[in-house]
Structures are given as C-alpha cells and as structure tokens.
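This briefing introduces a single structure to a reader who has not met it before. Please look over the sequence and the fold shown below, and then follow the points grouped by topic.

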Amino acid sequence: MGEPDNVEASSDSGGVDSAPQSVGEPVPQSAGKPALPRWGLLSLLAVGMFALGFALSRAPAFMVGAAQRALWPSSTTTVVRGSSAIVTAIRDLATLETASYHMERVIDLRDKQSHLFGLFESEDAVLLVAASDVIAGVDLTSMHDGDIVFDPIKQTARVTLPPPIILSSHLDSERTYVHSRQTDALARRAEALETRARIEAEHTLRDAAIEAGILQRARNNAARTIQTLVQSLGFTVVEIDFRSE
C-alpha cells in the first residue's frame, strides 16, 4: 500500500488551508491559564483571616449591638424584688465633722486582651463619671485621760485633740453613672470592670481631697469649734493642741 493522500480542506470563512495531520497522531489540547500554586491559596486564606480578625477586633461595640438589635428585636422589663434588711454590725460614733469636699472625676478603665499569641488585640472599656463627698474631722472616741485640763481659778483650759482623719469617702450614687461601655467583638466582657472603676474612683477622689488640703481645713475648723465651745462654759483662755499622728 502507498502513502495516504493528503486531504485538503478549506475553511468556510476565509478559505485558509489547515495544516495536514497524520492519522493516529494525538490532537494537542489548547494551553489553559496557569494553575495557582497551593502555597498561594494558603497565603490568601491566611491574609483574609487576619484581615477579618483585625476588623472584628476593632469594630465598635455600638455597631455590634445595633446589628443584634436589628436582627433580634426584643423588649425588656425590669423587675425589682425586695428582701428583708439585716443589721450586720453596730458601732457607736463620737465624731466631729469639720470639713467636707465634693469631688468629681472621670475614670477611664480599660481591660486589654490579646488573642492568637498576640496577633489580635481587643479591649473591654468603661467610662465612669464619679462624684464623691469626702468628709474629714476628729474622732473624739480616741481621746485619752488627761487630754482635757481645766483651771477654774485662772479660768484657763487646755484641750488636746487627736489628729484629723478622713471620716468617710463614698461615691454619690445619684451623681455617679457609667457614661459608656465598649466591648470589642473578640473581647471577653469583664463583669467586674465597673466595680473596679468605682473602687478606683473612691481611692483617687479620697487622695485628691487630701492633696487639696482637706485635713488642714478640718484641723483649723476643729480647733475653732472646740475653742468656742469651751469658752461658752466660762473659760477665758483656751488652748487647743493636736496629738502627733
């Protein structure tokens, strides 16, 4: 048998002759787009997870809360259940309050948290507007025998008082309130964060009142009050001293 004859075929559109092909030769497939390596897919996935985690960690709490309220609307009802009061301690007082400072301060307390070995950071924050009444004076129960000396003939008296102290320092519940509370999406909400902010407010306001001179004012007022009281009893010369702290 002889060699097979070449078959000429012309295209309908342009009449361009196609290249001859041998019988039994595999038809080459058209080359497609190069496949993305596996490490490239893993890199893109890691970058996407990092970006999503960063966005969630920085998302404001009010945006998350708004989305929750839009998806799951609900109504709340406050129910207050009272219980009987129990007296746990009784203490007799004999204090002379001679100075009171009204203090206010803003406490910004933040609980910073890290996730995935420090890759993501989030925080739970509370902004507390605190108001406190700090009262200073003299505790008369700490006076000893011999602290009061009278001379009825010379009409003189000498009174030695204990040093002034902070008698009370408590937050004013009517003027203390939480201005804002923000918890990031990835942050764990610390239930005791507001309590910590209130304790911090009490300590800082007490220290601020001492720095503002409340003890010195209480000392001067106590001396003037006791002096006026003793003079009303008929003593013309009254000397007021304070024990060292």
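In this predicted model, the largest pocket is lined by R91, D92, L93, T95, E97, D139, T141, I165, L167 and S168. The space that lies in the largest pocket comes to about 170 Å³. The points below take up this pocket and then turn to an open sheet of three strands.

**The largest pocket**

- By residue class, the lining of the largest pocket divides into three nonpolar, three polar and four charged residues.
- Strand 1, which spans residues 95-115, and strand 5, which spans residues 165-171, each supply at least two residues of this lining.
- Strand 5 gives the most to the lining of the largest pocket, contributing three residues.

**The three-stranded sheet**

- The strands of the open sheet follow the order 3-4-7, and their pairing is mixed.
- At the edges of this sheet are strand 3 (148-151) and strand 7 (237-242), each of which pairs on one side only.
- On average, and with direction ignored, neighbouring strands of this sheet are turned by 10° against each other.
- Strands of a sheet pair through backbone hydrogen bonds, in either a parallel or an antiparallel sense.
- Strand 4, made up of residues 156-161, pairs with strand 7 in the parallel sense over six bridges, and T160 has D241 in strand 7 as its bridge partner.

**The helix across the sheet**

- Helix 4, covering residues 214-231, lies across strand 3, strand 4 and strand 7, and this helix runs at about 150° to strand 7.

Terms used: Residues are numbered from 1 along each chain as its sequence is written. This is a predicted model: local features need pLDDT of at least 70, side-chain atom pairs count only at pLDDT 80 or more; totals for chains, interfaces and linings use all residues. Side-chain values use heavy atoms; hydrogens and water are left out. On a 1 Å grid over the protein atoms alone, a cavity is a set of points where a 1.4 Å probe fits but cannot get out, and a pocket is an open set with protein on both sides within 12 Å along at least five of seven lines; lining residues have an atom within 4 Å of a point. Grid points are joined across faces, edges and corners, and a volume is the space filled by probe spheres set on the points. Helices (H or I, at least four residues) and strands (E, at least two) are DSSP runs, numbered from the N terminus. Ala, Val, Leu, Ile, Met, Phe, Trp, Tyr, Cys and Pro count as nonpolar, Asp, Glu, Lys and Arg as charged, and the others, Gly among them, as polar. Two strands pair if DSSP finds at least two bridges between them. Axes are lines fitted to C-alpha atoms, for helices over the stretch in contact, and angles run from 0 to 180 degrees between N-to-C directions. Contact means heavy atoms within 4.5 Å.
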